Amino acid sequence: MKTNKKLLVAATTFVFATSLTLTSSAFAGQSVLPSKDQLGIVGTQADLQPVTNFCGTKPIKVALADGFGGNSWRKITRAAFENEAKKCKNITKIIYTDANNDSAKAISDMNSLIAQRVNVIVTFVDSGPALLPTIKKATAAGIAVVPYVAGPGGTSGVDYADQVGEDIVTYGTNLANWTIKAMGGKGNLLMLGGTAGNGYSQGVYNGVVAAVKAHPGVTLLNADGFEATNWEPGMTQQVVAGDITKYGQIDGIVSDYGGGSVGGIRAFIAANKPVPVWSANDSNEFACDWYKYHRTQSTFQIATESSRNWISAAALHRGLAAYNHIKNMEPSTFNLQIIEDSTDPKMMPKCDKTLPPDAILSAGLSAAQLHKLFGK
């Protein structure tokens with residue numbers, strides 16, 4: 001039997017090329033996946049190290065791929081990311097993309113970053129599991145991808161380097177428990193979330209549901225899911241105005257965005273209804289509104305946890321460490337606690353009238369940076 005040398009050479013070349021491609025792809029994926037002992041660490045913001053510990057020395061391009069950039073929280077979180085990235089002298093390019101709450105654009109943005117050979121991508125995955133295949137593609141290309149706050153599903157250390165955020169169910173439970181206590185353990189409770197279907201608000205909602213189950217005197221008005229407000233004050237005002245008409249009596253509100261909550265407060269004032277007990281994450285205007293209205297609104301008490309805009313910086317740390325093969329034992333899950341409580345003289349809300357209303361005092365940015373960000 002004669003051997004066709006041309007076919008043999010072609011077949012050998014194909015096998016070698018395929019093997020090389022698979023090996024390179026697999027190595028690229030592994031090269032940006034931290035060891036298991038670096039995953040699942042729980043801690044607090046105080047456990048974060050200087051970013052310079054993870055910068056490395058080789059030139060690096062980093063990106064923040066935002067699923068939605070249309071509110072003050074996102075702008076501040078972007079600023080926190082960019083401010084942290086500028087501390088690494090070897091970061092040659094900082095890229096930002098905004099998918100405008102469009103899953104197709106989020107996928108397109110991620111593919112564009114892959115094509116640009118970005119080395120580290122941190123991302124708020126508003127699109128949920130729809131973005132996971134593209135994130136896995138980026139990981140296979142040797143890019144360290146770190147979702148923060150809202151994730152795509154999948155597995156940290158396998159499909160992407162890691163996911164960074166707070167325990168959102170515990171966050172929702174903590175705020176709901178405070179709200180229910182301030183309500184006197186009974187009454188009607190409402191939960192306000194962000195964009196429809198987003199995983200972050202759903203997690204917070206699940207925590208609220210758990211708290212309500214432990215308090216039979218409390219009725220969760222939106223028992224079929226959180227109220228979608230797009231995390232925008234204007235839309236929040238419209239949604240809450242509709243809720244006031246629909247439900248009549250609202251005794252407490254848990255919101256996953258203090259900056260949007262100010263719109264809800266306006267809805268109660270406009271309807272000449274008592275402003276209820278309200279918990280959220282911190283916002284300068286939210287705190288200032290309490291000082292503005294609480295003397296005439298006896299039911300209006302507030303509590304907040306950190307808006308944790310610094311989480312994008314923590315995600316950058318994880319991505320840089322993974323890309324540079326530097327061990328990082330910082331937390332990937334942060335425990336948040338109540339930082340403002342209008343019922344506790346030692347934890348009174350912080351309102352700084354010299355800063356823009358949209359400022360977030362726990363963001364980790366200076367007053368000068370916040371003024372510059374908002375042009376005020």
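**Notes on cavities, cores and disulfides**

1. Let me start inside the protein: the residues lining the largest cavity fall into six nonpolar, two polar and three charged. Please keep in mind throughout that this is a predicted model. The volume of this largest cavity is about 90 Å³. Its lining is made up of Asn71, Trp73, Arg74, Phe124, Val149, Tyr200, Trp231, Asp256, Tyr257, Asn281 and Arg308. If you have the structure open, the charged members Arg74, Asp256 and Arg308 can be picked out of that list.

2. How many cavities of 30 Å³ or more are there? The count comes to five. The second largest has a volume of about 50 Å³. Around this second cavity you will find Ala65, Asp66, Gly67, Thr97, Ala99, Ala106, Asp109, Met110, Thr123, Phe124 and Leu131. By class, that makes six nonpolar, three polar and two charged residues.

3. Which elements build the wall of the second largest cavity? Strand S2 (60-66), helix H3 (103-115) and strand S4 (120-124) each give at least two residues to its lining. The largest share, three residues, is from H3. Phe124 deserves a second look, since this residue is named in the lining of the largest cavity and in that of the second largest.

4. Now for the nonpolar packing. The largest nonpolar core has 66 residues, and the members that touch the most others are Val62, Val120, Tyr148, Leu189, Tyr200, Val208 and Leu320. Helix H10 (residues 311-324) provides the largest share of this core, eight residues. Apart from it lies another core, of 19 residues, which includes Leu192, Leu221, Trp278 and Tyr293. Tyr200, listed among those well-connected members of the largest core, also lines the largest cavity.

5. Val208 is a handy residue to click on. Setting aside neighbours within four places in sequence, valine 208 has contacts with Gly172, Thr173, Ala176, Leu189, Met191, Leu220 and Val254. One of these partners, Leu189, is itself among the core members with the most touches.

6. Is Gln38 buried or exposed? Glutamine 38 has a relative accessible area of 9%, so this residue counts as buried, although its place is in the loop between helix H1 (5-31) and strand S1 (42-43). Beyond neighbours within four places in sequence, glutamine 38 is in contact with Asp162, Arg318, Ile326, Lys327, Asn328 and Met329.

7. There are two disulfides in the structure. One joins cysteine 55 to cysteine 88, with an S to S distance of 1.9 Å. Its torsion about the S-S bond is about -70 degrees, which means this disulfide is left-handed. Cysteine 55 sits in the loop between S1 and S2, and cysteine 88 in the loop between helix H2 (72-85) and strand S3 (91-98), so the bond ties together parts 33 residues apart in sequence. Both ends are buried: cysteine 55 has a relative accessible area of 6% and cysteine 88 one of 3%.

8. The other disulfide joins cysteine 288 to cysteine 351, again with S to S at 1.9 Å. With 95 degrees about the S-S bond, this link is right-handed. Cysteine 288 belongs to helix H9 (residues 284-293) and cysteine 351 to the loop between strand S14 (338-341) and helix H11 (367-374), distant parts of the chain 63 residues apart. Here cysteine 288 is buried at 17% relative accessible area, whereas cysteine 351 is partly exposed at 27%. Counting bonded cysteines along the chain, the pattern is 1-2, 3-4.

Terms used:
Residues numbered from 1 in each chain as written. Predicted model: local features only at pLDDT ≥ 70, side-chain atom pairs only at ≥ 80, totals over all residues. Heavy atoms only, no water. 1 Å grid on protein atoms, 1.4 Å probe; cavity = no way out; pocket = protein on both sides within 12 Å on 5 of 7 lines; lining within 4 Å. Points joined across faces, edges and corners; volume = space filled by probe spheres on them. Helix = DSSP H or I, 4+ residues; strand = E, 2+ residues; numbered from the N terminus. Core = buried A, V, L, I, M, F, W, Y, C linked by side-chain atoms within 4.5 Å. Buried < 20%, exposed > 50% of the residue type's maximum accessible area, 1.4 Å probe, protein only. Contact = heavy atoms within 4.5 Å. Disulfide = S-S within 2.5 Å.
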